Structures are given as structure tokens and as C-alpha cells.
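Here is a friendly walk through one protein model, written for someone who thinks at the bench. Please keep the 3D view open as you read.

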Amino acid sequence: MDPDLERLIRLQQIDTFTETARRRVADHPNLIAALDTRLESARAGLATAKEAAERGQAARRSIEKDLAAVQSRLAKYKDQLMEVKTNKEYQAMQKEIEVAQKEVGRLEDRLLEQMLANDDLAAAVKAADARLKDDQKAVEEERARLEKETASLEEELRRKAAARVEVASQLPADLLASYETIARNRRGQALAEARAGLCTACHVRLRPQVFNEVLANNTIHQCDSCQRILYFAGDTPSDAGAGASR
Ligand SMILES: [Zn+2]
């Protein structure tokens, strides 16, 4: 292969990696922010569940208080029943006792319902607490992973920057300038693989003679249509153009 073409392929690999890695590093603050949001949501969930459980406990205490009041009233009526003088008074007192007993039954039903509801509310607090703990653990792990990834990408970017200086210094200035211009105009993609008679970047058919020369990888050809520098990567698809890591 033509040594300059080889250098151009290498340059493209470095630039493609660099672009992807920079984007990834730049995206990390957003990913961290998303983790914080996840934790905030879990914390808010727990707070809401606790508030609901506290309201449930307050409701229970209020019913118990009402029940105690009615029960004490009922006890008083029963005492008074012994002391009434007339039949009319007796019947009136019986009526009061009946009303109070119904009220006791009603409050006991409500108390039971509230206790069952409070069991559910307590279970919801427990679940929200477990979710928060899970999220805290997961977020901590993810944060550590992102920090590690950032450090390793930054280290790799430094190495790639040094490698790029070296490769660029070995290229003829006009060829490097062409590469830079094409890359600028083609979203960083200055090279294109030729395969099956086509430029794989813009899918335009190459002139047969051009394609044959590209197959040999001995001359620098640009695609007539997209201007990218063409190369042949062999029979297997190459990853020189996209996402190569070396
Ligand atoms: Zn093309």
C-alpha cells in the first residue's frame, strides 16, 4: 500500500476515535445529572410514602380517640340507667345507649379499615426505602464507572493526539491540507472505502479504471462525487472509517 494512503487511513482512525471519545466525555455531565435525578426521584418517593404513612397513623389515633370518647359515654349511660326513676327516662336512656353502641360499632369498623390501610402504607414505605437503597448503590457504581471511563478516555485522547502529530508530520503538506478540508466538509469523514465498484460513503459508482487503481491502493484517488479519498480494505468490510479504536 502507498505509505501516504496508509498514513491517511491511520489519521482517519485517530480522528474518528477522537471525535467519538470527545463526545462521550462531553456527555458525562449529562449522564451524571440523570443519575442525580434518579436519586432525587427515589428520595421524593420515600418522602411521599412516609407522609402518607404518618397521615394514616394520625387517622388511626383520631379514630381511637373518638372510640374512647363514645365508649366512655356509653359506660356513663349504663351507670345512669340504674338511677333513672321513670319508665320514660329509662326508655330515653336505652335509646341513647343504642345510638352510642352503633357509633362504637361504626368506629371499630373504621379502625379496622384504617389499620389495614396502614399496613399497606407501611409496606409502601419499606418498598420505597428499598428502592432508594438500590438506586443509591446503582448510582454509586455507575458514577464510579463513568469517572473511570472519563479518565481512561482522556488518557487515550492524549495518546491519540500525540500519535496524530506524528502521522500528520509524515504526510506531504498538500495531502494533509486536502484531508483536513474534506474532513471539515464531510463531518470528519475524509476517507471512504471503495467496495464492489462503489464509493461506500456516497454510493456513487466509480469509473472502472479508477476502481481498479483504488483496489491496488497504490495511488491517491478522490471520489468524483463526494471528494473523499478512496481506499480498498480487502474483501472484508473495514472499520477504518467508523468507530475504529486504533
Ligand atoms: Zn463518494
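What follows covers a metal site, a helix pair and one buried side chain.

This is a predicted model, in which local features need pLDDT of at least 70, side-chain atom pairs count only at pLDDT 80 or more, and totals for chains, interfaces and linings use all residues. Residues are numbered from 1 along each chain as its sequence is written, and side-chain values use heavy atoms, leaving out hydrogens and water.

Let's start with the zinc ion. Its protein donors (N, O and S atoms within 2.8 Å of the metal, or 3.2 Å for Na, K and Ca) are the SG atoms of Cys199, Cys202, Cys223 and Cys226, lying 2.3 to 2.4 Å from the ion. The four donor atoms subtend angles of 101 to 116°, which makes the arrangement tetrahedral (all angles between 85 and 135 degrees). In sequence, the donor residues follow the spacing C-x2-C-x20-C-x2-C. Cys199 and Cys223 are both buried (under 20% relative accessible area, 1.4 Å probe, protein chains only).

Next come two helices (DSSP runs of H or I, at least four residues), H1 and H3, whose crossing is summarised here.

| Item | Value |
|---|---|
| Angle between H1 and H3 | about 35° |
| Distance between the axes of H1 and H3 | 12 Å |

Axes are lines fitted to C-alpha atoms over the stretch in contact, with angles from 0 to 180 degrees between N-to-C directions. Among the residues that meet (heavy atoms within 4.5 Å) are Leu8 and Leu11 in H1 and Tyr179 in H3.

Finally, Asp135 sits in helix H2 (residues 87–170). Asp135 is buried, with a relative accessible area of 8%, and touches Arg38, Leu39 and Ala42, not counting residues up to four places away in sequence.

Definitions and conventions. Four donors count as tetrahedral if all angles lie between 85 and 135 degrees; four count as square planar and six as octahedral if opposite donors are over 155 degrees apart and all others between 65 and 115; anything else is irregular. Buried means under 20% relative accessible area, exposed over 50%, partly exposed in between (1.4 Å probe, protein chains only).
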